[in-house]
Amino acid sequence: MEDFEIYEVGNKKNNEKSTFKADFFDWLEILVTAIVLLVVLFTFIFKVVTIDGPSMENTLHNGERIVISNIGADAKSGDIVVISRNQNNIVADTDAAAPIIKRVIATEGQIVDIDFETGVVYVDGVALDESYVKTPTNVKFDINFPVSVPEDCVFVLGDNRNNSTDSRSSLIGDHGMIDKRYILGKVVLRVLPFDKFGRVE
């Protein structure tokens, strides 16, 4: 009887070791799968980018980190987008390769007009309610208004209207218009600083 009990205790220890080993490898498999999934997500779907410059104040500030996604990147009015620079969408300075971040104001077929004295932006004759801007739109560059947004393009402005090079300037895109192919993604959320973590509007 004693031998039987000793055998049972020893078997229980072996079972515990086997269970621990199985659990360990299960958790390891879950961890490796999660890491691979994160790598795939942040390589092909999401990207973390750092804001460089003041053009989107007071919505986004220099040094803040945001996540952008290229899923459903067909931008609509109000979206904040990151735009690539390339030979067809260049600026005449040494930062020509740096992406820019702006807010979509109008999409193809819409007409944009700006009253630079009052700082009011109109889309299809309707004044926009722009609670997100730091300043009214008083600075004019070389684009003459009103303008019609061509097919497959968007018209963008920075929220810091008097300190942003955007679709008011021919230095951005083709006569100020951004070809939608050059939109790298839409802003999904802000991750840094932690006290501002969340969606960006």
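Contact here means heavy atoms within 4.5 Å. The exercises below concern a predicted model.

**Exercise 1. Describe the overall make-up of the protein chain: how many helices and strands are there, and in what pattern do they follow one another?**

Solution. Begin with the count of elements: the protein chain has 1 helix and 12 strands. Next, place them in order along the sequence, which gives the pattern α-β-β-β-β-β-β-β-β-β-β-β-β. Then turn to burial, for which 35% of the 201 residues qualify. The exposed surface of the protein chain comes to about 12,300 Å², and carbon and sulfur atoms supply 58% of that area. Finally, consider the contacts with a separation of 6 or more, of which 63% are between residues 24 or more positions apart.

**Exercise 2. Find which residues Ile114 touches, leaving out residues up to four places away in sequence, and then describe the largest nonpolar core.**

Solution. With the contact cut-off of 4.5 Å between heavy atoms, the list for Ile114 consists of Val120, Val121, Thr137, Phe145, Phe155 and Arg168. The next step is to look at the largest nonpolar core, which has 15 residues, and in which Val112, Ile114, Phe145, Val147, Val149 and Phe155 touch the most other members. Two or more residues apiece come from strand S4 (100-107), strand S5 (111-115), strand S6 (120-123) and strand S9 (153-157), and S9 makes the greatest contribution, with 3 residues. A second core, separate from this one, has 11 residues, among them Ile83, Ile178, Tyr182 and Ile183. As a general background, nonpolar side chains in soluble globular proteins tend to be buried together.

**Exercise 3. Determine which parts of the chain are tied together by the salt bridge between Asp159 and Arg103, and then examine the one between Glu108 and Lys180.**

Solution. The whole structure contains 8 salt bridges. In one of them the side chains of Asp159 and Arg103 meet, with an N to O distance of 2.8 Å. Asp159 belongs to the loop between S9 and strand S10 (178-179), whereas Arg103 is in strand S4, so this pair ties together parts that are 56 residues apart in sequence. As to their surroundings, both Asp159 and Arg103 are buried.

The side chains of Glu108 and Lys180 also meet in a salt bridge, here with an N to O distance of 3.6 Å. This pair links distant parts of the chain, 72 residues apart, with Glu108 in the loop between S4 and S5 and Lys180 in the loop between S10 and strand S11 (183-192). To classify the two residues, recall that partly exposed covers the range between under 20% and over 50% relative accessible area; Glu108, at 36%, is therefore partly exposed, and Lys180, at 23%, is partly exposed as well.

**Exercise 4. Decide whether Arg181 and Asp179 are buried or exposed, and follow the salt bridges on to a network.**

Solution. Arg181 and Asp179 form a salt bridge in which the closest N and O atoms are 2.8 Å apart. The relative accessibility of Arg181 is 68%, so Arg181 counts as exposed. For Asp179 the value is 17%, so Asp179 counts as buried. Elsewhere, Lys76, Asp79 and Lys186 are joined into one network by salt bridges that share partners.

**Exercise 5. State what lines the second largest pocket and which element gives the most to that lining.**

Solution. The volume of the second largest pocket is about 160 Å³. Its lining consists of Gly78, Asp79, Ile80, Arg103, Lys186, Val187, Val188, Arg199, Val200 and Glu201. Of the elements, S11 gives the most to this lining, with 3 residues.

**Exercise 6. Locate the cis peptide bonds described here and the residues with positive phi.**

Solution. One cis peptide bond joins Glu57 and Asn58, with omega about 5 degrees, and Asn58 lies in the loop between strand S1 (46-50) and strand S2 (65-69). Another joins Phe145 and Pro146, again with omega about 5 degrees, and Pro146 lies in the loop between strand S7 (126-127) and strand S8 (147-148).

For backbone phi, Asp124 has a positive value near 55 degrees although the residue is not glycine; Asp124 sits in the loop between S6 and S7 and is partly exposed, with a relative accessible area of 45%. Asp152 likewise has a positive phi, near 60 degrees; Asp152 sits in the loop between S8 and S9 and, at 40% relative accessibility, counts as partly exposed.

Technical notes:
Residues are numbered from 1 along each chain as its sequence is written. This is a predicted model: local features need pLDDT of at least 70, side-chain atom pairs count only at pLDDT 80 or more; totals for chains, interfaces and linings use all residues. Side-chain values use heavy atoms; hydrogens and water are left out. A nonpolar core is a set of buried Ala, Val, Leu, Ile, Met, Phe, Trp, Tyr and Cys residues joined through side-chain atoms within 4.5 Å. Buried means under 20% relative accessible area, exposed over 50%, partly exposed in between (1.4 Å probe, protein chains only). Helices (H or I, at least four residues) and strands (E, at least two) are DSSP runs, numbered from the N terminus. Accessible areas come from the Shrake-Rupley method with a 1.4 Å probe; for residues, only the protein chains shown count as cover. A salt bridge is a side-chain nitrogen of Lys or Arg within 4 Å of a carboxyl oxygen of Asp or Glu. On a 1 Å grid over the protein atoms alone, a cavity is a set of points where a 1.4 Å probe fits but cannot get out, and a pocket is an open set with protein on both sides within 12 Å along at least five of seven lines; lining residues have an atom within 4 Å of a point. Grid points are joined across faces, edges and corners, and a volume is the space filled by probe spheres set on the points.
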